[in-house]
Amino acid sequence: MVWGNEAKSLSGTALWTETAEPLPRPPLSEFSNNVAVGTITQYPHLFAVSTPINVDRFENLLTIAQHPNLPFIRSVCLGLWEVPSPSPKTEAEWNFIRGQIGKEEAHDLLPGMYSMPIHAVPKEGGKFRLVTNHSAGEYSLNSMIAKEDIAGVTLDNVQDLGEAINKYQRHHPLDFLQIWKADVLEAYLDCANVFGGRASQRISHAFMSLVIWIAVFIRLIQAFIYVDDSFSFAKLRDMSYYVKYRKMLPSEMVTLLLLWDELGIPHEERKQIFGSPLPIIGFDVDPNLMKISLKDDSKAALIRELQEFARYKSKRSLRDFEHITGSLNWALNVCPLLRPGLSAVYAKIKGKSNSKGMLWLNRAVVEELVWAAYHLERSNGIFLLKSVSWCYNPLPLNTLEVYCDASGSGMGFWYPSLNLAFQSGLPERPPITDIFFTEVLCVASAIHDAVTWLPRDGQLAVFTDSLNTVFMFNSLSGGPGFNQLLMDVVETIMVFKVDFRVFHISGCDNIIADRLSHWRGRDAVLCSPGLQVTPFEPPRFALGGGKK
């Protein structure tokens with residue numbers, strides 16, 4: 001979930017470039033591979049990088065602007081300067097593949113070369129996309145690329161766009177807005193960097209993320225990027241003339257297209273769109289109604305996918321696990337509260353690297369995915385942007401505040417506005433026996449009680465002196481023993497239709513909750529005269545009991 005502040009929303013992808021590690025070079029051992037080096041030396045024209053990019057201009061813009069990560073920039077530029085299937089089912093696919101082969105120089109395999117299967121994937125409009133299967137065979141090209149070398153990519157999403165719109169609308173509530181999306185002609189800007197390669201997205205993303213950095217910090221536009229789709233919003237009448245297309249476009253969109261022209265990035269008119277609402281990464285974004293919507297057919301397809309995958313005691317490949325993780329992560333753009341549904345899946349695939357290796361679906365994986373599918377089916381698939389961003393300083397008006405604490409002898413929480421407090425002893429047989437669990441249990445108990453005091457669409461601010469608890473609730477990421485608590489809190493929030501945040505407070509400022517957790521009720525009353533203290537019982541399901 002995106003819970004930001006009043007600062008201007010910047011592209012996380014652009015900021016990522018400032019700390020990203022350089023793209024990895026081939027291992028030194030490969031330069032001792034005499035067969036491969038000999039082939040490259042004898043046939044250099046076969047390995048030349050073919051790209052339309054003006055690499056010198058690209059590097060100069062970044063260097064003159066003093067981008068803080070020169071090693072990363074040099075690694076990307078180096079890749080643009082230096083050397084770096086299933087059978088078609090229809091005659092149309094055969095013709096497409098023959099045409100693609102005709103664009104390349106046909107040669108027999110030379111020493112050190114691989115030939116990987118290729119196939120065609122249909123696109124909208126009757127066209128095809130050429131896919132090279134770099135994962136085919138025991139000694140595939142992808143198997144030689146370590147996952148850790150391509151991990152860590154940061155992608156912007158519709159939540160980032162939503163927060164930017166939300167912040168703008170708070171200061172300009174009368175402005176009518178529209179969304180714009182700009183797309184390059186080819187997703188991979190070097191013909192040797194093809195679909196199917198494990199590192200393909202990382203290489204393309206490295207380049208495009210630096211392009212968006214130039215757009216944000218040099219050309220001073222507000223824009224975001226997901227793979228090769230750049231997008232943002234603009235005032236309805238803020239338009240400029242773009243000579244190449246001979247038409248009016250949103251002004252910041254024109255600024256981006258002019259940057260692409262300067263760098264040699266190809267694009268075509270039909271892929272540059274704007275309006276309201278507009279589809280972004282598969283979601284309809286309406287900046288004036290302040291909502292992000294998931295199409296009904298897309299939601300139904302995802303529910304079917306989750307239900308078909310989540311079959312107890314069945315086996316799925318690691319690639320299947322990664323695919324279902326990506327699908328549900330995508331839906332979190334409009335249903336962020338369903339994040340706990342991925343906890344057991346992440347635990348299951350942690351440390352695994354063999355994409356074809358088979359994994360059993362345990363009970364936790366099945367139950368969490370079924371839980372996510374159940375609540376996704378009952379959701380309206382709409383995320384209201386008004387709830388994206390609110391924070392502690394200042395809290396929105398009429399926000400209910402509750403302060404929580406746990407100790408080695410008990411738990412307590414209290415409401416300053418109600419001058420009402422609750423305290424409880426520790427559970428006899430908790431699933432996890434440490435103070436962190438009791439801190440989390442105390443917050444969950446407080447949320448269960450607090451929602452009964454709030455109206456529909458009310459806002460709840462929970463305070464605790466446990467930083468781990470703050471992180472767990474605000475990220476909705478909990479491990480075994482904790483995730484059931486998170487799932488129940490999410491259900492409670494959805495049933496009562498309230499919004500909540502968990503904030504950190506120092507222990508010395510959390511005096512009354514501390515007194516309650518240590519069973520020092522009289523001291524608590526001295527701090528807040530008239531305070532009413534009542535016992536509470538933690539949710540039974542969290543302690544191994546049945547859930548209502």
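Are Asp499 and Arg501 buried or exposed? In this predicted model, both Asp499 and Arg501 turn out to be buried. They also form a salt bridge with each other, and the closest N and O atoms sit 2.9 Å apart. Side chains of opposite charge can pair when their charged atoms come close.

That pair is one entry in a longer list, as a search of the whole structure turns up 13 salt bridges. Another of them joins Glu262 to Arg57, with 2.5 Å between the closest N and O atoms. Here the setting is partly exposed on both ends: Glu262 has a relative accessible area of 26%, and Arg57 comes in at 29%. The two also belong to a network of salt bridges that links Arg57, Arg219 and Glu262. Next in sequence to Glu262 comes Asp261, whose side chain meets that of Lys244 in a salt bridge at 3.9 Å, N to O. This pair ties together distant parts of the chain, 17 residues apart: Asp261 belongs to helix α8 (residues 251-263), while Lys244 is in the loop between β6 (239-242) and β7 (247-250). Asp261 counts as partly exposed, at 31% relative accessibility.

Disulfides are a shorter story. The search of the whole structure finds zero of them. Cys442 is in no disulfide, and the nearest cysteine sulfur, that of Cys404, is 4.6 Å away; a disulfide here calls for sulfur atoms within 2.5 Å. Cys442 counts as buried, at 0% relative accessibility. Cys77 is likewise buried, with a relative accessible area of 0%.

Now for the sheets. An open sheet of six strands runs in the order β19-β18-β15-β16-β17-β20, and its pairing is mixed. Its edge strands are β19 and β20 (532-535), each of which pairs on one side only. On average, neighbouring strands in this sheet are turned by 20 degrees against each other, direction ignored. At the β20 end, strand β17 (residues 420-425) and β20 run parallel and are joined by four bridges. Within that pairing, Gln423 has Pro535 of β20 as its bridge partner. Helix α13 (residues 435-450) lies across β15 (400-406), β16 (410-415), β17, β18 (459-464) and β19, and it runs at about 35 degrees to β16.

Strand β3 (residues 177-183) makes a good case study in burial. Seven of its seven residues are buried, so β3 is largely enclosed by the rest of the structure. In a regular strand the side chains alternate between the two faces of the sheet. For β3, both faces are covered: Leu177, Ile179, Lys181 and Asp183 are buried on one side, and Gln178, Trp180 and Ala182 are buried on the other. What are the pairing partners of β3? One is strand β5 (residues 229-235), which runs antiparallel to β3 and is joined to it by seven bridges. In that pairing, Ile179 is matched with Phe233 of β5. β3 also pairs with β8 in the antiparallel sense, over three bridges, and there Lys181 has Ile273 as its bridge partner.Helix α3 (residues 55-64) shows a more one-sided pattern of burial. Its buried residues are Val55, Phe58, Leu61 and Leu62. Seen down the axis of α3, these fall within an arc of 130 degrees, so they line one face of the helix. An α-helix has 3.6 residues a turn, so residues three or four places apart point the same way. After α3 comes Gln66, whose phi is positive, near 60 degrees.

A few other backbone details stand out. Lys497 is a residue other than glycine with a positive phi, near 55 degrees. It is found in the loop between α15 (483-496) and β19 (499-504), and at 38% relative accessibility Lys497 counts as partly exposed. Trp519 also has a positive phi without being glycine, near 60 degrees in this case. Trp519 sits in the loop between α16 (511-517) and α17 (521-527), and its relative accessible area of 45% makes it partly exposed. Finally, the peptide bond from Ser276 to Pro277 is cis, with omega near -5 degrees. Pro277 has its place in the loop between β8 (273-275) and β9 (278-280).

Note on methods
Residues are numbered from 1 along each chain as its sequence is written. This is a predicted model: local features need pLDDT of at least 70, side-chain atom pairs count only at pLDDT 80 or more; totals for chains, interfaces and linings use all residues. Side-chain values use heavy atoms; hydrogens and water are left out. Buried means under 20% relative accessible area, exposed over 50%, partly exposed in between (1.4 Å probe, protein chains only). Helices (H or I, at least four residues) and strands (E, at least two) are DSSP runs, numbered from the N terminus. The arc is that of the directions from the helix axis to the C-beta atoms. Two strands pair if DSSP finds at least two bridges between them. Axes are lines fitted to C-alpha atoms, for helices over the stretch in contact, and angles run from 0 to 180 degrees between N-to-C directions. Contact means heavy atoms within 4.5 Å. A salt bridge is a side-chain nitrogen of Lys or Arg within 4 Å of a carboxyl oxygen of Asp or Glu.
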